[in-house]
Amino acid sequence: MDSLQLLSEHACFGGVQRFYSHASETIGLPMRFSVFLPAHTGKRPALFYLAGLTCNEETFMTKAGAQRVAAELGMILVAPDTSPRGAAIEGETADWDFGVGAGFYVDATTAPWSRHYKMYSYVLELVRLVGASLPVDADRVGIFGHSMGGHGALTLALKHPEVFRCVSAFAPICAPTRCPWGTKAFTGYLGSVAAGAQYDASVLMASRKTPFPGGILIDQGMGDKFLADQLYPEAFEQACATAGQPLQLRRQPGYDHGYYFISTFIEDHLRFHAAQLSVQAPQSQG
């Protein structure tokens with residue numbers, strides 16, 4: 001725990017909600033993340049949540065309402081920030097969908113972004129750090145996320161199934177090489193849209209063969225204003241069919257892109273991961 005600085009701690013559903021800072025070797029700057037620890041002893045399964053554009057390490061923990069079910073299941077929740085902070089790159093705060101709050105879960109290769117914007121590798125660093133510092137069962141780790149974070153979760157899971165045993169997403173950017181957000185991020189961070197194919201979940205899935213036999217869960221609001229131009233769930237659905245990958249793509253009428261949508265279906269996602277990780281709710285300690 002020496003490398004972690006505890007910023008705050010709050011009692012929550014019998015456990016604790018914590019916020020940490022640490023010096024990231026990958027990013028080369030201090031990074032923040034949040035952790036919910038249920039009130040159970042011994043190694044516990046963990047879920048890593050990747051947030052979307054403009055969000056930070058607090059957004060999920062304060063808006064999704066996930067702690068109640070996580071406490072029941074004895075599951076640890078971890079949420080990193082969405083980009084480096086304090087990189088002092090000219091223009092990094094000019095746009096809401098690129099730069100600060102918009103790291104896109106890629107490792108940038110173009111200057112000046114390549115020095116600090118390495119959110120793909122940072123998530124893997126955080127998994128290792130949390131596993132070494134907190135009571136995480138390294139054999140029972142899952143990942144999920146929203147929008148940009150859903151893209152990151154799918155990509156990281158597909159490229160590292162040895163780390164993440166299960167994956168789900170809320171309104172993920174499923175085919176970023178086809179959409180404006182992806183075009184902007186990949187051109188800016190990687191130099192071209194073509195270079196972003198390695199981070200496109202639909203491209204990755206099409207070349208796999210049933211990477212997650214237990215299935216993948218995606219919820220998509222049909223009232224989402226970004227659905228037609230940015231998200232392309234049908235592309236991922238087709239890629240899963242090609243790969244023989246079981247997929248629950250639940251199209252939810254009337255729901256938009258925000259946290260009212262996420263909070264409505266968060267329990268389903270936690271229980272989905274619990275089933276994949278063979279989690280049984282711990283017995284009460286009396």
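Which residue stands opposite histidine 22 in E3? Methionine 31 is the residue of E3 that stands opposite histidine 22, and this pairing belongs to a predicted model in which an open sheet of nine strands, with mixed pairing, follows the order E1-E2-E3-E5-E4-E6-E7-E8-E9. The edge strands of that sheet are strand E1 (4-12) and E9, each of which pairs on one side only, and the twist averages 20 degrees from one strand to the next. A search of the whole structure also finds eleven salt bridges, among them the pairs described below.

**Strand E3 and its neighbours**

- Strand E2 (residues 15-23) and E3 run antiparallel and are joined by eight bridges, and the hairpin that they form has six residues between the strands, with glycine 28 taking a positive phi near 80 degrees.
- E3 also runs antiparallel to strand E5 (residues 76-80), to which four bridges join it, and within this pairing valine 35 of E3 stands opposite valine 78 in E5.
- Strand E3 (residues 30-37) is largely enclosed by the rest of the structure, because six of its eight residues are buried.

**Strand E8 and its neighbours**

- Strand E7 (residues 166-170) runs parallel to E8 and is joined to it by three bridges, with alanine 169 having isoleucine 218 as its bridge partner in E8.
- On its pairing with E9, E8 is again parallel, and six bridges join the two strands; isoleucine 216 stands opposite leucine 247 in E9, while glycine 221 stands opposite glutamine 252 in E9.
- In a regular strand the side chains alternate between the two faces of the sheet.
- For E8 both of these faces are covered, since Ile216, Ile218 and Gln220 on one side and Leu217, Asp219 and Gly221 on the other are all buried, and the strand as a whole is mostly covered, with six of its six residues buried.

**Helices on the sheet**

- Helix H3 (residues 119-133) lies across E1, E2, E3, strand E4 (44-50), E5 and strand E6 (136-146), and runs at about 50 degrees to E3.
- Helix H4 (residues 148-159) likewise packs on the sheet, where it touches E4, E6, E7 and E8, and its direction makes about 140 degrees with that of E6.

**Salt bridges**

- Side chains of opposite charge can pair when their charged atoms come close.
- Arginine 250 and aspartate 219 meet through their side chains in a salt bridge with an N to O distance of 2.8 Å; because arginine 250 lies in strand E9 (residues 247-252) and aspartate 219 in strand E8 (residues 216-221), the pair ties together parts that are 31 residues apart in sequence.
- Within this pair, aspartate 219 counts as buried at 0% relative accessibility, whereas arginine 250, at 23%, counts as partly exposed.
- The side chains of arginine 68 and glutamate 267 form a salt bridge with an N to O distance of 3.0 Å, and since arginine 68 lies in helix H2 (residues 67-73) and glutamate 267 in helix H9 (residues 259-276), the pair ties together parts that are 199 residues apart in sequence.
- Arginine 68 is partly exposed, with a relative accessible area of 41%, and glutamate 267 is also partly exposed, with a relative accessible area of 28%.
- Arg68 and Glu267 further belong to a network of salt bridges in which they are linked with Glu72 and Arg271.
- Arginine 18 forms a salt bridge with glutamate 9, where the closest N and O atoms are 2.7 Å apart.
- Arginine 18 has a relative accessible area of 19% and is therefore buried, the limit being under 20%, whereas glutamate 9 is partly exposed, with a relative accessible area of 41%.

Definitions and conventions: Residues are numbered from 1 along each chain as its sequence is written. This is a predicted model: local features need pLDDT of at least 70, side-chain atom pairs count only at pLDDT 80 or more; totals for chains, interfaces and linings use all residues. Side-chain values use heavy atoms; hydrogens and water are left out. A salt bridge is a side-chain nitrogen of Lys or Arg within 4 Å of a carboxyl oxygen of Asp or Glu. Buried means under 20% relative accessible area, exposed over 50%, partly exposed in between (1.4 Å probe, protein chains only). Two strands pair if DSSP finds at least two bridges between them. Axes are lines fitted to C-alpha atoms, for helices over the stretch in contact, and angles run from 0 to 180 degrees between N-to-C directions. Contact means heavy atoms within 4.5 Å.
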